[in-house]
Amino acid sequence: MARFQFPADVAVDGAGLLYVADRGNHTIRKVVLSTGAVTTLAGTPGMPGSANGTGNAAQFAYPVGVALDGTGSLYVADTYNHAIRQVVLSTGVVTTFAGTIGVSGSTDGIGVAAKFNKPLGVAFDGVGNLYVTDTENHTIRKIALANAGVTTIAGIVGQGGVKLGPLPGRLGSPIGIAVLPTGEIFVASNSENAILKLH
C-alpha cells in the first residue's frame with residue numbers, strides 16, 4: 001500500500017495520470033488512476049534540498065502547488081526553496097525554472113534572476129502563462145513560459161489585507177489560484193477568508 005505525507009496539491013493530465021505534490025516527503029508522485037499504482041517521479045524521499053537532476057537525484061523542499069502545461073511538463077511551487085521548478089514528465093528531469101533557490105525576495109526578472117517568497121499555488125492559463133500565488137509577498141506573479149519572464153500583476157509586496165478595486169489592489173496571503181478559459185483569475189485569500197476575482 002502506497003503512503004503519502006501531507007500531500008498538498010494534485011494535477012490530472014487527461015490521460016489517466018494524477019500528479020501529487022507529496023509535501024512532507026519532498027517529492028512529486030505519479031498515480032495511475034486505472035490501477036492506483038503510485039511511483040515517485042522526482043525528488044529524494046524524506047530529504048529536503050534544492051538539487052536539479054533526474055528522478056530521485058533531484059530535490060525539493062516542501063513542494064505545494066502543481067500545474068501541467070499540456071505539453072509534457074509539470075510546474076511545481078517549491079515553497080521553501082522560494083522557486084518554481086519544472087519537471088519533464090517523460091524523463092523526470094527537474095530544473096529550476098524561475099526564482100533564486102534558497103533566497104526569498106520579490107524581484108521581477110527572467111528565470112532564476114526573479115525572486116519569490118514562499119510561493120504556494122500555481123495555475124496554467126492554457127495560452128502560455130503560469131500564475132503563482134507568492135504567498136509571503138501577498139502578490140500574484142505571472143510567468144511567461146516562453147522565456148521564464150516573471151512579473152507582478154496583483155498585490156503590493158509586504159502589504160497584506162484586501163483592497164478591492166483596480167489592480168494592483170491588495171491581497172492577504174494568497175494561496176489557491178485558478179484561471180478560467182476567459183482569462184479571469186480566482187484567488188483564495190487565506191488571511192481574509194475570501195475568494196477574490198482578478199480581471
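This passage describes the overall form of a predicted model, its aromatic and charge-over-ring arrangements, and the surroundings of two threonines.

The secondary structure of the chain in this predicted model comprises 0 helices and 17 strands. For a chain of 199 residues, a compact globule would be expected to have a radius of gyration near 16 Å, and the chain agrees with this expectation because its own value is 16 Å. The C-alpha trace spans about 50 × 35 × 30 Å along the principal axes. Buried residues make up 49% of the 199 residues of the chain, and the surface that the chain exposes amounts to about 8,800 Å², of which carbon and sulfur atoms supply 56%. Among the contacts with a separation of 6 or more, 32% are accounted for by residues 24 or more positions apart.

A search of the whole structure for aromatic pairs finds 2 of them. The pair formed by Y62 and Y80 has ring centres 4.9 Å apart, and it is classed as tilted because the planes stand at 50 degrees, which is neither under 30 degrees, as stacking would require, nor over 60 degrees, as an edge-to-face arrangement would require. Distant parts of the chain are linked by this pair, with the two positions 18 residues apart in numbering: Y62 belongs to the loop between strand 5 (53-54) and strand 6 (63-68), whereas Y80 belongs to the loop between strand 7 (73-78) and strand 8 (83-88). Both tyrosines fall in the partly exposed class, since the relative accessible area is 35% for Y62 and 47% for Y80.

The rings of Y75 and F97 form an edge-to-face pair, because their planes are at 70 degrees, with the centres 5.2 Å apart. This pair, too, links distant parts of the chain, as Y75 is placed in strand 7 and F97 in strand 9 (residues 93-98), 22 residues apart. Y75 is buried, with a relative accessible area of 3%, and F97 also counts as buried, at 13% relative accessibility, because the limit for that class is under 20%.

Charged side chains are also placed over aromatic rings in the model. R29 lies over the face of F4, at a distance of 4.8 Å from the ring centre, and the charged end of R141 sits over the ring of F116, 4.8 Å from the centre of that ring.

Two threonines illustrate how residues from separate stretches of the sequence come into contact. T133 is located in strand 12 (residues 129-134) and is buried, with a relative accessible area of 0%. The side chain of T133 reaches the backbone oxygen of I175 at 2.6 Å. When residues up to four places away in sequence are left out, the residues touched by T133 include K118, P119, L120 and G121, together with T139 and I140, and also P174, I175, G176, I177 and V187.

T139, one of the residues that T133 touches, lies in strand 13 (residues 139-144). T139 is likewise buried, with a relative accessible area of 1%. With residues up to four places away in sequence again left out, T139 touches V132, T133 and D134, and its contacts further include T152, A154, G155, I156 and V157, as well as L171 and P174. P174 is thus named among the contacts of T133 and among those of T139.

Key: Residues are numbered from 1 along each chain as its sequence is written. This is a predicted model: local features need pLDDT of at least 70, side-chain atom pairs count only at pLDDT 80 or more; totals for chains, interfaces and linings use all residues. Side-chain values use heavy atoms; hydrogens and water are left out. Rings of Phe, Tyr and Trp (its six-membered ring) pair if their centres lie within 6.5 Å; planes under 30 degrees apart count as stacked, over 60 as edge-to-face and the rest as tilted. Helices (H or I, at least four residues) and strands (E, at least two) are DSSP runs, numbered from the N terminus. Buried means under 20% relative accessible area, exposed over 50%, partly exposed in between (1.4 Å probe, protein chains only). A charge sits over a ring if NZ of Lys or CZ of Arg is within 6 Å of the ring centre and within 35 degrees of the ring normal. The radius of gyration is taken over C-alpha atoms; the globule rule is 2.2 Å times the number of residues to the power 0.38. Contact means heavy atoms within 4.5 Å. Accessible areas come from the Shrake-Rupley method with a 1.4 Å probe; for residues, only the protein chains shown count as cover. A polar contact is a pair of N or O atoms within 3.5 Å; within protein, one must be able to donate a hydrogen and the other to accept it, and residues adjacent in sequence count only if both atoms are side-chain atoms.
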